[in-house]
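Visitor: I would like a close look at a single part of this model, taken slowly and with the terms explained. Please choose one helix and stay with it.

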Amino acid sequence: MKTRVQAAGQGLAAFLHSVRFRITLWFVLILAVVLAAFSFFIYGMQTRDLQSDAVGHMQDKFFRIMTFFRSPAWQLSELSPTSVPGNDAPLQKGDLLIFLDPYGAIQQRWGETISAPDALMKELVGAADQRSALSIYEQVVPVLGANNVAVKSDYLFLITPVTRDGVALGYVVVGSPSDLIGQQHRLAASLLLGSVGMLVLAFLGGLWLADRAMRPVADIARAARNISEHDLDQRLNMRGRDELASLAGTFDGMIGRLQAAFERQRQFVADASHELRTPLTIINLEVGRALSSRRSAPEYKRALETVEVEGGRMTRLVNDLMTLARMDSGQAILQFTDIDLSELASSAVERLSPLASDRSVQLECGNLTEVHVSGDRQYLLQMISNLLENGIKYGGAGERVRIDVVRKDGQAVLLVSDTGPGIPPKDLPAVFDRFYRADKARTHNGGDDDESSGNGLGLSIVSWIVRSHGGSITVESRVNEGTVFEVALPLLVSPQPARENITASDKVR
Ligand code: ADP
């Protein structure tokens, strides 16, 4: 029971904090202000009209009475205004006429009788304005009816002072039953009821509308709650051109990007495991074979050499994976300094010359123009080395690999070209992808025990280094003719004032 009450309380609190409730409340508040202003205006206008109607009517009556008193009929006989027959009689049923002295004491009266009139007469005298001919006063008064029983009714009084030769003689008071107060009350009540009814309807309607408008938000929230790492293929697919459809579209786009990122991650882990499994399998097989029976010394040597090659391959793979992980997580710190690209190219050539001569590949420096860029020496050296190494690795004996550094279109351009086997056009767009190897048969999967055979990470590291230096890389290749990699880097405009440490991801992003 307690939990049910708690749940209801929480539900109410959630409702009171909800956007739809707040929107509705604001809407109703604004409507209330508009309705109040409208009602006051209508009430004011109507009351004025009602009063002027009633006063007009009273004035007619007043002038009829005055005409009657001046007529010979009254002067000749003792005819009272109540006893004149017909519709035009000065006083009609319910009316009253009183002459007051200047102090409010009744001198003469006709028509209906007011019970205990003294206090009222004083008020009427007080209300009479000496400056204006007629004053109006409205009051609920007890009128004596049949059997002398006082019945309260609403009366409108017209009071006028009477003077003769500048001397105040008293007042004439004409009273007539009026429904003015009742009409005003009924008008106020209907305006109030109408407004409250409209507000209630507006609140319910507003809530319904806000609920409808907010439903897509609830759908988005529900979908977001349901989406986990394993079902990132869910989409909202909300149709329409409104703000919520655009929000849902943005959300779908974000889920799409997350899905792609997760997919890349999964693929990366799968590829990395696959790459590590091959050398591990070879090592296990080789060690198992060596241990299965007594072997000769050359056989042990051969087994150990295989283990060394595969161990070296795993070390390189793990190093490359760590480099990529550092780059992805933004932990790779680039130390930007003024670098002469031609000098760096010579260093790389020098470093790789032994490998080239080992493979009988001719490694040569072409046009090395002095161009300065802002860059990290270690990373740029790794980038050039990877490109040269690929040229040496994939070209056979007798092929040529050449490096050029030139200034082109306001950029520093580094060209690594070779006369090797080239890359088939279908593979070209993917060579910078991680773990992508254009011709897998040429690398270690084919059983080649070459230490420098690739793992498909070299060019993706190259591409990352180039992008983190604000540059771009392109490749052109013809099968059996050769490949040219072109790296364009921004020229250093002015000499670097001080060393500047930048997280590589700052530049890549
Ligand atoms: P790997 O470590 O396998 O060399 P890379 O990312 O450096 O990986 O290269 C990806 C693929 O692109 C290689 O497997 C190879 O098929 C192809 N490739 C790269 N450079 C050359 C080149 N100079 N000549 C021919 N093929 C190349």
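Guide: Let us take helix α5, whose 47 residues should span 69 Å at 1.5 Å a residue (the expected span being 1.5 Å times one less than the number of residues), and whose end C-alpha atoms are 67 Å apart, which agrees. This is a predicted model, in which local features need pLDDT of at least 70 and side-chain atom pairs count only at pLDDT 80 or more, while totals for chains, interfaces and linings use all residues. Residues are numbered from 1 along each chain as its sequence is written, and side-chain values use heavy atoms, with hydrogens and water left out. Helices here are DSSP runs of H or I with at least four residues, numbered from the N terminus. α5 bends by about 40° at M214, and a proline, P216, follows within four residues; the bend is the angle between axes fitted to the seven residues ending at a residue and the seven starting there.

As for its packing, α5 (residues 180–226) lies against helix α2 (residues 19–70) at an angle of about 160°, with the axes 9 Å apart, where axes are lines fitted to C-alpha atoms over the stretch in contact and angles run from 0 to 180 degrees between N-to-C directions. The two helices are therefore roughly antiparallel to each other, a term for angles over 145 degrees. In the contact of α2 with α5, the residues divide into 22 nonpolar, 9 polar and 2 charged, with Ala, Val, Leu, Ile, Met, Phe, Trp, Tyr, Cys and Pro counting as nonpolar, Asp, Glu, Lys and Arg as charged, and the others, Gly among them, as polar. α2 passes α5 in a right-handed crossing, meaning that the near helix is turned clockwise from the far one by less than a right angle.

Notes: Angles under 35 degrees count as roughly parallel, over 145 as roughly antiparallel, 65 to 115 as roughly perpendicular and the rest as oblique.
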